[in-house]
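Thanks for making time. I have one structure to go through today, and I will keep to its pockets and its ligand. Here it is on the screen.

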Amino acid sequence: MKPPDTGLPDYEARRLLQLVTGLDAAGVGLLEQFGTDQETRFRELVERRLAGEPLQYIEGSVQFGPVQLKVDSRVLIPRPETEVLWERAVEALGEADANTVIVDLGTGSGALALALKHAFPAARVYATDIDPDALAVARDNLEDKGVTVLAGDLFGALPFGMRGNIDLLVANPPYVADGDELPAEVGDFEPPVALFAGPDGDEVMARLSEQAFHWVKPGGWVFVEIGETQAERALALFRDFRCDVHEDLAGRPRILAAYRPTTSCIEGSR
Ligand SMILES: C[S@@+](CC[C@H](N)C(=O)[O-])C[C@H]1O[C@@H](n2cnc3c(N)ncnc32)[C@H](O)[C@@H]1O
């Protein structure tokens, strides 16, 4: 069936058709007509999409690397650049066993934590967030997958005994400057706590950098997603680590990789 005329791009209309009929893409192609209830539901979903609501919220799920997550307007929709962060972090850590500690600070839907648990099933994976709404979604996505979900402000969510014992810390903190204009699809629908971070967008990253050195073990890694104008400031903030900046799929500097050396003259002076 060719999607009815909706004003939406064809592939979006097809995805909504799949949602209301429960059919896959091939099934929708073969469909000759749909029932009145399905048509009413389809028109409702088209209206939501035409009003700017992201397709992923309407569908209620998203694919992130190898894992599928439930999403709604309580959490940021995981982005392709965050998948790049996940890939780089997996390469850096290499392998993990039952003593390996992985932490995702500001987990939102739980995307990074779940994809890391998928890559390193034996590792102990922890996911945190400050926002109770986001935590409810994260718990739904993570708790039956063996990831521990904790509530709190950055490292304040973690048990103190974890200090100095983290092998891999990942974070995609909010990094939009307060007052910055965002596309309506983002600004009108995604949670402000997931987006904004002070007058220059650095606030959460800066607070994270103040403590990261003490929480990550020597020989451990920190991967932080950054805004495309933040690389220099991020390198300055994480100067105690050995740092690299990786690019996203569009070639923009978007991922800070910070390695805590096993021996360091900085350590002695702290
Ligand atoms: C940009 S979203 C990233 C969500 C998810 N990690 C992802 O990549 O899709 C930032 C997340 O950090 C959380 N957050 C903001 N400030 C925080 C803080 N001080 N401590 C912990 N989490 C925080 C937000 O609630 C939000 O879920």
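I will start with the ligand, then go through the two pockets.

A caution before that: this is a predicted model.

So where does the ligand sit? It occupies the largest pocket. The volume of that pocket is about 940 Å³. Its lining is made up of 49 residues, and those closest to the centre are Asn172, Pro173, Pro174, Ala194 and Leu195. As for elements, two or more lining residues come from each of α5 (80–93), β3 (101–105), α6 (111–119), β4 (124–129), α9 (192–195) and α10 (203–215). By class, 27 of the lining residues are nonpolar, 13 are charged and 9 are polar.

Now the ligand's own surroundings. There are 18 residues around the ligand, and the ones that come nearest are Gly106, Asp129, Asp153, Leu154 and Asn172. Asn172 is also among the residues closest to the pocket centre. The shell splits into 8 nonpolar, 6 polar and 4 charged residues.

Which atoms of the ligand pair with Gly106, Asp129 and Asp153? For Gly106, a polar backbone atom is 2.9 Å from a ligand nitrogen. For Asp129, a polar side-chain atom lies 2.6 Å from an oxygen atom of the ligand. For Asp153, an N or O atom of the side chain is 2.8 Å from a ligand nitrogen. How much of the ligand does the protein bury? Taken alone, the ligand exposes 600 Å², and the protein buries 95% of that.

On to the second largest pocket, with a volume of about 160 Å³. Its lining consists of Pro54, Gln56, Val62, Gln63, Ile77, Pro78, Arg79, Pro80, Glu83, Glu185, Val186 and Glu190. The elements giving two or more residues to this lining are β1 (61–64), α5 and α8 (184–187). Helix α5 also gives two or more residues to the lining of the largest pocket. By class, the second lining has 6 nonpolar, 4 charged and 2 polar residues.

To recap, the ligand takes up the largest pocket, with 95% of its 600 Å² buried by the protein. That is what I have.

Notes: Residues are numbered from 1 along each chain as its sequence is written. This is a predicted model: local features need pLDDT of at least 70, side-chain atom pairs count only at pLDDT 80 or more; totals for chains, interfaces and linings use all residues. Side-chain values use heavy atoms; hydrogens and water are left out. On a 1 Å grid over the protein atoms alone, a cavity is a set of points where a 1.4 Å probe fits but cannot get out, and a pocket is an open set with protein on both sides within 12 Å along at least five of seven lines; lining residues have an atom within 4 Å of a point. Grid points are joined across faces, edges and corners, and a volume is the space filled by probe spheres set on the points. Helices (H or I, at least four residues) and strands (E, at least two) are DSSP runs, numbered from the N terminus. Ala, Val, Leu, Ile, Met, Phe, Trp, Tyr, Cys and Pro count as nonpolar, Asp, Glu, Lys and Arg as charged, and the others, Gly among them, as polar. A residue is near a molecule or strand if one of its heavy atoms lies within 4 Å of it. A polar contact is a pair of N or O atoms within 3.5 Å; within protein, one must be able to donate a hydrogen and the other to accept it, and residues adjacent in sequence count only if both atoms are side-chain atoms. Accessible areas come from the Shrake-Rupley method with a 1.4 Å probe; for residues, only the protein chains shown count as cover. A molecule sits in a cavity or pocket if more than half of its atoms lie within 2 Å of its grid points.
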